[in-house]
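Here are some notes for when you open this one up for the first time. Have a look at the model, then come back to the points underneath.

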Amino acid sequence: MGKRDIEIDEITQCTECGSENLNQDHERGELVCDKCGLVLDDSAIDQGKDWRSFDSEQDNAKAHSGPASTLMLHDKGLSTGLPFSTRDSSGKNMPMKNRAQWYRMRKWQRRIRVANAVERNLVFALSELDRIASSINLPRSIRETAVVYYKRAIALNLIRGRSIEGVVAACLYASCRKNNVPRTLDEIGDVSKVSRKELGRTYRFLVRSIGVKLLPTSPQDYILRFCSELQVSNKVIAKASEIIKEAERLELTSGRGPTGVAAAAIYIASVVMGERRTQREVAEIGCVTEVTIRNRYKELSARLDIDVNVM
DNA sequence: AAGACGAAAGTGGTTGA
DNA sequence: TCAACAACTTTCGTCTT
């Protein structure tokens, strides 16, 4: 019941994004924003004395002792290794019989440490995964698929030589695509700690290695999300997906970036249904440029006999 | 003034020799 | 490994509403 608890309770809103979904991570002593991942308070550790004291003399004597254990080391900095030696603790030569036992103990000690390393990797990866997933509001099922991929990646020893963050982000990206709720590489790259480029590289390596079959993304998969961000009516959504269907039938989508096609379809639909959004608005949400929207929508309107000017 | 349009040059990734 | 290539972006000037 230190005074820190009280101070933490006073922070109710993220200073960065204003979200009130704050998450107290007692293990790491951090107060974290669920939405953007900002650490609002990283010192939520009770820094008071370890024991109660009953008078001022004891108070001084019983102040903090030694560094706090830390999760940054897999064994919290507390483990002990067994040295390779043929002598015992008093410096005498060890009898043969004991050496074998000593050797076995060393072996198990090593194995336990390895197991801890894997576990620590996983703990770190899962927290990173949760951070990314919650900051872009990915549902639980997506996270679970991503965890499955990640565990497969560990089993295949793919992590070595790559960053944990990178592999985690790649797993999430793959999981999104697998579940037909695609996020773009940019969207995931923005909230993860790795560059878009590295994310793409890791992702390609990942799907090849763990053998997940991923179909190319359809623009259709983006319609709902983009539309809801644009706040257009259901009529526009229906129209947009109708356009996409036609476009796919006429093979106007192959080789084109799905986000560009989706954005153009939404733009056309918004104009046709009388709920015009500017190219810039749609472009921003679709993570493409206005030029791309223009190019796509010229192709689409030409082939689909939609005259945008008549309305 | 804001949005739409289009030309031109630049960028990053894929493909095939 | 390298060059060719298509898609896409960036930038900027012009036209339209």
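The points below go from the overall picture to the cores and then to the DNA.

1. Ground rules. This is a predicted model, where local features need pLDDT of at least 70, side-chain atom pairs count only at pLDDT 80 or more, and totals for chains, interfaces and linings use all residues. Residues are numbered from 1 along each chain as its sequence is written, chains are lettered from A and ligands numbered from 1 in the order in which they are written, and side-chain values use heavy atoms, with hydrogens and water left out.

2. The overall fold. Chain A has 12 helices and 3 strands, taken as DSSP runs numbered from the N terminus (helices: H or I, at least four residues; strands: E, at least two). Of its 311 residues, 38% are buried, meaning under 20% relative accessible area with a 1.4 Å probe, protein chains only. Among contacts (heavy atoms within 4.5 Å) with a separation of 6 or more, 60% join residues 24 or more positions apart.

3. The largest core. A nonpolar core here is a set of buried Ala, Val, Leu, Ile, Met, Phe, Trp, Tyr and Cys residues joined through side-chain atoms within 4.5 Å. The largest one holds 33 residues, and Tyr150, Leu172 and Leu206 touch the most other members. Helices H3 (96-135), H4 (140-155), H5 (164-178), H6 (185-191) and H7 each give two or more residues to this core, with the largest share, 10 residues, coming from H5. Leaving aside residues up to four places away in sequence, Leu172 touches Leu129, Ile132, Ala133, Leu138, Ile142, Ala146 and Ile188.

4. Another core. There is a second, separate core of 31 residues, including Ile223, Ala264, Ala265 and Val282.

5. Who sits around the DNA? Lys197, Arg204, Tyr267, Arg276, Thr278, Gln279, Arg280, Arg294, Tyr297 and Lys298 surround DNA strand B; near means that a residue has a heavy atom within 4 Å. By type, the residues of this surface are 6 charged, 2 polar and 2 nonpolar. Sugar or phosphate accounts for 67% of the strand B atoms within 4 Å of the protein, and bases for the rest.

6. Atom pairs worth zooming in on. An N or O atom in the Gln279 side chain is 2.4 Å from a phosphate oxygen of strand B, and for Tyr297 the corresponding distance is 2.7 Å. Arg294 has a polar side-chain atom 3.0 Å from a base nitrogen of strand B. Helices H7 (196-210), H11 (279-286) and H12 (290-304) each give two or more residues to the surface near strand B, and H12 gives the most, with 3 residues.

Note on methods
Polar contact = N/O pair within 3.5 Å; in protein donor to acceptor, adjacent residues only side chain to side chain. Nonpolar A, V, L, I, M, F, W, Y, C, P; charged D, E, K, R; others polar. Buried < 20%, exposed > 50% of the residue type's maximum accessible area, 1.4 Å probe, protein only.
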